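Q: Could you pick one part of this structure and take me through it slowly, up close? I'm new to this, so plain talk is welcome.

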Amino acid sequence: MAELTYPEVGSTRHGPLPDGYHHLRHRYPLPGGCFDTAADAVLSWRLHRAAGVRIRTDAPRATAGVLVTSGLGVGPARLWGPCQVVWSADSPTLAGFGYGTLPGHPERGEEAFEVVRDDAGAVWFEVRAFSLPDRWFTRAGGPAVRAVQHTYAWWLGRTLRRLCAGR
C-alpha cells in the first residue's frame with residue numbers, strides 16, 4: 001500500500017467522519033431503477049470522466065489498493081491529485097469506493113462516492129469526505145476551496161443523474 005497522508009484510513013466507510021477536518025456530506029436523488037447503471041458509472045471511473053475529470057489509473061474499476069490520479073482544471077492549470085482506493089463495495093444495495101490522498105495531493109484526507117438503494121427502493125448518490133489543505137495554495141484559498149469541493153460534489157450528482165437518464 002502507498003503512503004497515505006492521514007491516519008484515519010477508511011473513515012468514510014465506517015463510523016463518523018474524524019474530528020479536526022472539514023467535512024463534506026452530499027446526497028443527490030437519482031431516477032428510480034438506475035442503481036445498476038449508476039453503480040457501474042461510479043466503480044468504472046465513468047462518472048468522474050463524464051464530469052470532466054481527467055483520470056489516470058491502470059485499473060478498469062475502483063477496488064481497494066488501486067492507485068488513481070485525478071486532474072481538475074485545464075491545460076497547464078490542471079491540478080493533479082494522487083490517491084489510493086482504500087475501500088470499495090459492490091452489492092445490490094451499495095456500490096462505491098473511498099480513496100485517500102497520497103503525497104502531492106492538494107488536500108489531506110479521504111473522499112467516498114457511493115450509490116445507495118434504500119429500503120423503499122429509492123436510489124441516491126452520496127459523497128462524504130474529510131479533508132484539510134495540504135499545499136500552500138489550498139491553505140491560501142480557505143473557504144473558497146471548500147466551496148469548490150461542495151460544488152464538485154453537486155456536479156458529480158448532477159452528472160450521474162444525466163448518465164442514468166441516458167442509460
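A: Let's look at the hairpin that β6 and β7 make, with five residues between the two strands. In that turn sits Gly121, whose phi is positive, at about 95 degrees. Keep in mind as we go that this is a predicted model.

Start with the two arms. β6 covers residues 107-117 and β7 covers residues 123-133, and they pair in the antiparallel sense over eleven bridges. You can find some of the matching positions yourself: Val115 stands opposite Phe125 in β7, and Glu110 has Phe130 of β7 as its bridge partner. Now look at what sits on the other side of β7. There, β1 and β7 run antiparallel, joined by nine bridges. Phe130 turns up again here, as the β7 bridge partner of His23. How covered is β7 itself? Mostly covered, with nine of its eleven residues buried.

Now zoom out to the sheet around the hairpin. Seven strands make an open sheet, and if you walk across it you meet β1-β7-β6-β5-β4-β3-β2, with antiparallel pairing. At the edges stand β1 (22-30) and β2 (54-56), which have a single partner strand each, so one side of each has no neighbour in the sheet. On average, neighbouring strands here are turned by 25 degrees against each other, if you ignore direction. Helix α1 (residues 35-43) packs on this sheet: it touches both of our hairpin strands, β6 and β7, along with β1, β4 (79-90) and β5 (94-101), and its direction makes about 20 degrees with that of β5. Helix α4 packs on the sheet as well, touching β1, β3 (67-72), β6 and β7, with a direction about 20 degrees from that of β1.

Let's stay with α4 for a moment. This helix takes in residues 143-165, which is 23 residues, and from first C-alpha to last it reaches 33 Å, close to the 33 Å expected at 1.5 Å a residue. Among its buried residues are Val145, Tyr152, Ala153, Leu156 and Leu160.

Val145 leads us to another residue, Thr138, which has its place in helix α3 (residues 136-141). Apart from neighbours within four places in sequence, Thr138 is in contact with Pro106, Glu107, Pro133 and Val145. Its side chain also reaches the backbone oxygen of Pro106, at 2.8 Å. Is Thr138 buried or exposed? Its relative accessibility is 6%, so it counts as buried.

Back to the hairpin, and to Glu114, which is found in strand β6. With 4% relative accessibility, Glu114 counts as buried. Which side chain does Glu114 join through a polar contact of 3.1 Å? That would be the side chain of Arg128. Arg128 is also one of the residues that Glu114 is in contact with once neighbours within four places in sequence are left aside; others include Arg13, Trp87, Leu94, Gly96, Trp124 and Phe125.

Finally, the rings. The structure holds eight aromatic pairs. One pair is Tyr99 with Phe113, arranged edge-to-face, with 5.4 Å from centre to centre and 80 degrees between the planes. This pair links distant parts of the chain, as Tyr99 sits in strand β5 and Phe113 in strand β6, 14 residues apart. Both rings belong to buried residues.

The story doesn't stop with two rings, though. Ring pairs tie Trp45, Phe97, Tyr99 and Phe113 into a cluster. Phe97 is found in strand β5, and at 0% relative accessibility it counts as buried. Leaving aside neighbours within four places in sequence, its contacts include Trp45, Val85, Trp87, Glu111, Ala112 and Phe113. Leu43 is another of those contacts; although Phe97 and Leu43 are 54 residues apart along the chain, 7.2 Å separates their C-alpha atoms.

Trp45, for its part, lies in the loop between α1 and α2 (46-50). Its relative accessibility is 1%, so Trp45 counts as buried. And remember the positive phi of Gly121 in the hairpin turn? Trp45 has a positive phi too, of about 75 degrees, although it is not a glycine.

How values were computed. Residues are numbered from 1 along each chain as its sequence is written. This is a predicted model: local features need pLDDT of at least 70, side-chain atom pairs count only at pLDDT 80 or more; totals for chains, interfaces and linings use all residues. Side-chain values use heavy atoms; hydrogens and water are left out. Helices (H or I, at least four residues) and strands (E, at least two) are DSSP runs, numbered from the N terminus. The expected span of a helix is 1.5 Å times one less than its number of residues. Buried means under 20% relative accessible area, exposed over 50%, partly exposed in between (1.4 Å probe, protein chains only). Two strands pair if DSSP finds at least two bridges between them. Axes are lines fitted to C-alpha atoms, for helices over the stretch in contact, and angles run from 0 to 180 degrees between N-to-C directions. Contact means heavy atoms within 4.5 Å. A polar contact is a pair of N or O atoms within 3.5 Å; within protein, one must be able to donate a hydrogen and the other to accept it, and residues adjacent in sequence count only if both atoms are side-chain atoms. Rings of Phe, Tyr and Trp (its six-membered ring) pair if their centres lie within 6.5 Å; planes under 30 degrees apart count as stacked, over 60 as edge-to-face and the rest as tilted.
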